[in-house]
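Welcome, and thank you for opening the viewer. Turn the structure until you like the angle, and then follow the stops below one at a time.

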Amino acid sequence: PPGFFDKPSATSSSSISGRVHAIEGFFDQPKAASVGDKRAREEEDDDENARKAAEEEDEEEEVEDAEEDGEMNIDKMLEEAEPAEIMDLPQLKRLVIALERKISRNQEMRIKHADEPSRFMESEVELFEEISKMQTLATAPELYSEFVKLGGPAKVVQLLDHENNDIALAAVELVMELTDTEALAESESEEGPTALVAALVEHAFLELLVRNLARLDEADDDAQKGVYNSLSIIENLSELQPEALETLTEKTDIISWLFKRLLVKTFEQNKLFCSEILSILCQTSAVNQRRVGAADGMDRLLQLVAAWKKKDPKDGEEVELVENLFNVLCSCLMLPENQAAMVEGEGVELMVLMLQARKFAARCALKVLDYALLRNTASCQRFVNAMGLKTLFPGFLRPSSIFQSKQKEGRGGVREDEEH
């Protein structure tokens, strides 16, 4: 019919036009908003970047200020610090004279106020400080000979017998510093250190050193340090003048003291050091090996190593302790009388049991047996009777078969085991 198509056509045109406008508006409006947001975000990013840059500049300034302050503080400390004293002969003479005066004053005050310790305490503090000043001499080993000529060693030895342990320990520390082998290694001349050691031995330093050890209670930290310093002196003497160690064992009870100290069950640094010193004493001296045996040393050593028959050391320090004790045994077994003492003390049987236990001590026991059986019929007979051959034969096929220790030290040294 007429108009049927016209009305829809008009409506369609209007509708399409409206949709077009709507669509154009739809795309136009977001586009404008998007540009605005982008600009806003760019402004925010610029602000953030500027803020970060400002913070970095502040941090750099703070670091620079701190560095400047640190440099200023270091410069200030260097300016305020006292200049390092350079030991020379005039200064050494002044120190020796001052030490002698402080010793005399302290003795006078002690006699005068024997019942009032507070009256002579100040003189002992002054004496302690003077001894500490004397440690500067360790920086000039070339002056040791002059120190001996001035009578310095005699005055230092005198202090080891002082009633106040602090004074005695200060003197021990002084001698330890003067005999430090690392410091003396830089010295071109050996004449000074040799003269010092000779003077100390001549004035009975070794006897007083060991006597002083007997009165120290290691429950006190200072006394514990004093024991360590005393043992360090003996170690230093073993390098500076090895023959002094025979004098040490002859004139003192150092061997008995070392064994007594090693029998303490708790493990700490000084116990390890005692085992090292005992090993050093016996390492190259047949005289000391004989004296250890004469002091019932073989039985004591067997008692000490028996504790490791069925257990492994906990750490490297305990490993070193065990090895030191077995090394002492091996050194002493170089003498026939000590071999006989080991047989009598059933030491051969103990070593076989250690081999059978297959712990860390098994390798050490094998080494001891090598020394114990050397040219000794009685020891060999004991070894056979204790089923030693049955225990040892598997090792000829595979040495590692008789060592099952978890310790790395216990699993190594296969070639050395084969030799033993």
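Begin by selecting Asp-296, which is partly exposed because its relative accessible area is 42%, a value between the 20% and 50% cut-offs. You will find Asp-296 in the loop between α14 (286–294) and α15. Its phi is near 60 degrees, a positive value in a residue other than glycine. Most residues other than glycine have a negative phi.

**A second loop residue**

Now select Ala-204, in the loop between α8 (191–202) and α9. Ala-204 also has a positive phi, of about 65 degrees, although it is not a glycine. Is Ala-204 buried or exposed? Neither word quite fits: Ala-204 counts as partly exposed because its relative accessibility is 27%.

**The whole chain**

Zoom out for a moment. Keep in mind that this is a predicted model. Colour by secondary structure and you should find 24 helices and 0 strands. The chain has 420 residues, and 39% of them are buried. Among the contacts in the chain with a separation of 6 or more, 75% are between residues 24 or more positions apart.

**Helix α2**

Next, select residues 89–112, which form helix α2. How many residues does α2 have, and how far does it reach? It has 24 residues and spans 35 Å from its first C-alpha to its last, close to the expected 34 Å.

Look at the N-terminal end of α2, where Asp-88 acts as a cap. A side-chain oxygen of Asp-88 lies 2.9 Å from the backbone nitrogen of Gln-91.

Then show the side chains of the buried residues in α2: Gln-91, Leu-92, Leu-95, Val-96, Leu-99, Ile-103, Asn-106 and Met-109. An α-helix has 3.6 residues a turn, so residues three or four places apart point the same way. Add α3 (117–133), α4 (144–149) and α5 (152–159) to the view to see what the buried residues of α2 pack against.

**Leu-184 in helix α7**

Move on to Leu-184, in helix α7 (residues 181–184). Leu-184 counts as buried because its relative accessible area is 10%, under the 20% cut-off. Draw a C-alpha to C-alpha line from Leu-184 to Glu-142: the two are 42 residues apart in sequence and 9.5 Å apart in space. Which residues does Leu-184 touch, leaving aside neighbours within four places in sequence? They are Pro-141, Tyr-144, Leu-178, Thr-179, Pro-193 and Leu-240.

**Asn-212 and the second largest pocket**

Select Asn-212 in helix α9. With a relative accessible area of 3%, Asn-212 is buried. Its side chain makes a polar contact with the side chain of Arg-215, at 2.7 Å. Beyond its neighbours within four places in sequence, Asn-212 is in contact with Leu-160, Ala-168, Leu-169 and Val-172.

Stay with α9 and turn on a surface. The second largest pocket holds about 250 Å³ of space. It has 14 lining residues, with Val-210, Leu-213, Ala-214, Trp-257 and Lys-260 nearest its centre. Two or more lining residues come from each of α9 (205–214) and α12 (254–262), and α9 gives the largest share, 5 residues. Coloured by class, the lining of the second largest pocket shows 6 nonpolar, 2 polar and 6 charged residues.

**The largest pocket**

Now find the largest pocket, with a volume of about 330 Å³. Of its 16 lining residues, select Lys-265, Lys-271, Ala-307, Trp-308 and Lys-311, which are the closest to its centre. At least two lining residues come from each of α15 (297–306) and α16 (316–332), and the largest share, 3 residues, belongs to α16. How does the lining of the largest pocket divide by class? There are 9 nonpolar residues, 1 polar and 6 charged.

**Last stop: Asn-338**

Finish in helix α17 (residues 336–344) by selecting Asn-338. Is Asn-338 buried or exposed? It is buried, because its relative accessible area is 3%. Show Gln-289, Gly-293, Met-298, Cys-332 and Leu-333 around it: these are the residues Asn-338 touches, not counting those up to four places away in sequence.

Definitions and conventions. Residues are numbered from 1 along each chain as its sequence is written. This is a predicted model: local features need pLDDT of at least 70, side-chain atom pairs count only at pLDDT 80 or more; totals for chains, interfaces and linings use all residues. Side-chain values use heavy atoms; hydrogens and water are left out. Helices (H or I, at least four residues) and strands (E, at least two) are DSSP runs, numbered from the N terminus. The expected span of a helix is 1.5 Å times one less than its number of residues. Buried means under 20% relative accessible area, exposed over 50%, partly exposed in between (1.4 Å probe, protein chains only). Contact means heavy atoms within 4.5 Å. A polar contact is a pair of N or O atoms within 3.5 Å; within protein, one must be able to donate a hydrogen and the other to accept it, and residues adjacent in sequence count only if both atoms are side-chain atoms. On a 1 Å grid over the protein atoms alone, a cavity is a set of points where a 1.4 Å probe fits but cannot get out, and a pocket is an open set with protein on both sides within 12 Å along at least five of seven lines; lining residues have an atom within 4 Å of a point. Grid points are joined across faces, edges and corners, and a volume is the space filled by probe spheres set on the points. Ala, Val, Leu, Ile, Met, Phe, Trp, Tyr, Cys and Pro count as nonpolar, Asp, Glu, Lys and Arg as charged, and the others, Gly among them, as polar.
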